[in-house]
Structures are given as structure tokens and as C-alpha cells.
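This briefing covers the fold, one aromatic pair, the surroundings of a few residues and some backbone features. Please keep the sequence and the 3D view at hand while reading.

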Amino acid sequence: GGLGMRPSTVAVIGSGAGHVIEALERRGYRGRILVLEPSPGSCVAALARHDWRGLIRARRLRWLVGPAYDGWTDAWSW
């Protein structure tokens with residue numbers, strides 16, 4: 001395993017209720033994770049099943065939730 005090159009930011013389309021984020025963490029990924037979540041319900045499920053505040057406070061995790069993806073215009077600067 002492992003992620004090979006270890007990019008500084010990984011974009012995830014659909015977090016699978018947060019399982020993808022957890023898998024990245026288990027594999028030792030320490031960069032930023034930008035989640036483009038098409039389903040508001042999946043985002044709610046991810047937030048309900050795990051406390052992501054540490055990653056969010058550390059500016060390592062950011063969610064953009066559909067259908068509007070509020071915040072997308074400033075995601076480049078993150």
C-alpha cells in the first residue's frame with residue numbers, strides 16, 4: 001500500500017459518509033483533503049458518525065456540498 005507520491009491536496013468526490021477520509025488517515029496521509037460531496041445527506045451522515053473538527057481546525061479537511069457547492073470560488077486559495 002501507501003499513496004505513492006503523497007500529494008499536498010487530495011480531492012475526493014463523494015466521501016462515502018467519511019469512510020474515504022478515514023481510509024486516507026489510516027494510510028498515513030497528512031496533506032489536505034477537499035471533499036466535493038454531491039449529496040447533502042452523505043455529508044450529514046459523515047458529520048454524524050465521526051468528529052472531524054480536528055482536521056477542519058488544522059485546515060486539512062474542507063467540504064464543498066452540492067448542489068450549490070458554497071465556497072467553491074475560494075477553494076483555490078485553501
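In this predicted model, Tyr69 counts as partly exposed, because its relative accessibility is 25% and the partly exposed class runs between 20% and 50%. Tyr69 lies in the segment after β3, and its phi is positive, about 50°, although Tyr69 is not a glycine. The points below start with the chain as a whole and then turn to individual residues.

**Overall fold**

- The chain contains 3 helices and 3 strands, and their order along the sequence is β-α-β-α-α-β.
- The radius of gyration is 12 Å, which agrees with the value near 12 Å for a compact globule of 78 residues.
- Along the principal axes, the C-alpha atoms occupy a box of roughly 35 × 30 × 20 Å.
- Among contacts with a separation of 6 or more, 52% are between residues 24 or more positions apart.
- Of the 78 residues, 33% count as buried.
- The exposed area of the chain is about 4,900 Å², and 59% of this area comes from carbon and sulfur atoms.

**Strand β3 and its partner**

- Strand β2 (residues 32-37) and β3 run parallel and are joined by 5 bridges.
- Val35 has Trp63 as its bridge partner in β3.
- Because 4 of the 5 residues of β3 are buried, the strand is largely enclosed by the rest of the structure.

**The aromatic pair**

- The count of aromatic pairs in the model is 1.
- The pair consists of Trp52 and Trp63, whose ring centres are 5.9 Å apart; their planes stand at 70°, so the arrangement is edge-to-face, given that the class requires an angle over 60 degrees.
- Trp52 sits in the loop between α2 (40-49) and α3 (53-57), while Trp63 belongs to strand β3 (residues 61-65); the pair thus links distant parts of the chain, 11 residues apart.
- Both rings belong to buried residues: Trp52 has a relative accessibility of 4%, and Trp63 has 14%.

**Surroundings of Arg60**

- Arg60 is placed in the loop between α3 and β3.
- What is the relative accessible area of Arg60, and is the residue buried or exposed? The value is 15%, so Arg60 is buried, the limit for that class being under 20%.
- The Arg60 side chain forms a polar contact of 2.7 Å with the side chain of Glu25.
- The Arg60 side chain also reaches the backbone oxygen of Tyr29, at 3.0 Å.
- Leaving aside residues up to four places away in sequence, Arg60 touches Glu25, Tyr29, Arg30, Gly31, Arg32, Ile33, Leu55 and Trp78.

**Backbone features**

- The peptide bond from Gly66 to Pro67 is cis, and its omega is near 10°.
- Pro67 is located in the segment after β3, and Tyr69 lies in that segment as well.
- Ala17 has a positive phi of about 55° although Ala17 is not a glycine.
- The position of Ala17 is in the loop between β1 (9-13) and α1 (19-26).
- With a relative accessibility of 17%, Ala17 counts as buried, whereas Tyr69, at 25%, counts as partly exposed.

How values were computed
Residues are numbered from 1 along each chain as its sequence is written. This is a predicted model: local features need pLDDT of at least 70, side-chain atom pairs count only at pLDDT 80 or more; totals for chains, interfaces and linings use all residues. Side-chain values use heavy atoms; hydrogens and water are left out. Rings of Phe, Tyr and Trp (its six-membered ring) pair if their centres lie within 6.5 Å; planes under 30 degrees apart count as stacked, over 60 as edge-to-face and the rest as tilted. Helices (H or I, at least four residues) and strands (E, at least two) are DSSP runs, numbered from the N terminus. Buried means under 20% relative accessible area, exposed over 50%, partly exposed in between (1.4 Å probe, protein chains only). Two strands pair if DSSP finds at least two bridges between them. The radius of gyration is taken over C-alpha atoms; the globule rule is 2.2 Å times the number of residues to the power 0.38. Contact means heavy atoms within 4.5 Å. Accessible areas come from the Shrake-Rupley method with a 1.4 Å probe; for residues, only the protein chains shown count as cover. A polar contact is a pair of N or O atoms within 3.5 Å; within protein, one must be able to donate a hydrogen and the other to accept it, and residues adjacent in sequence count only if both atoms are side-chain atoms.
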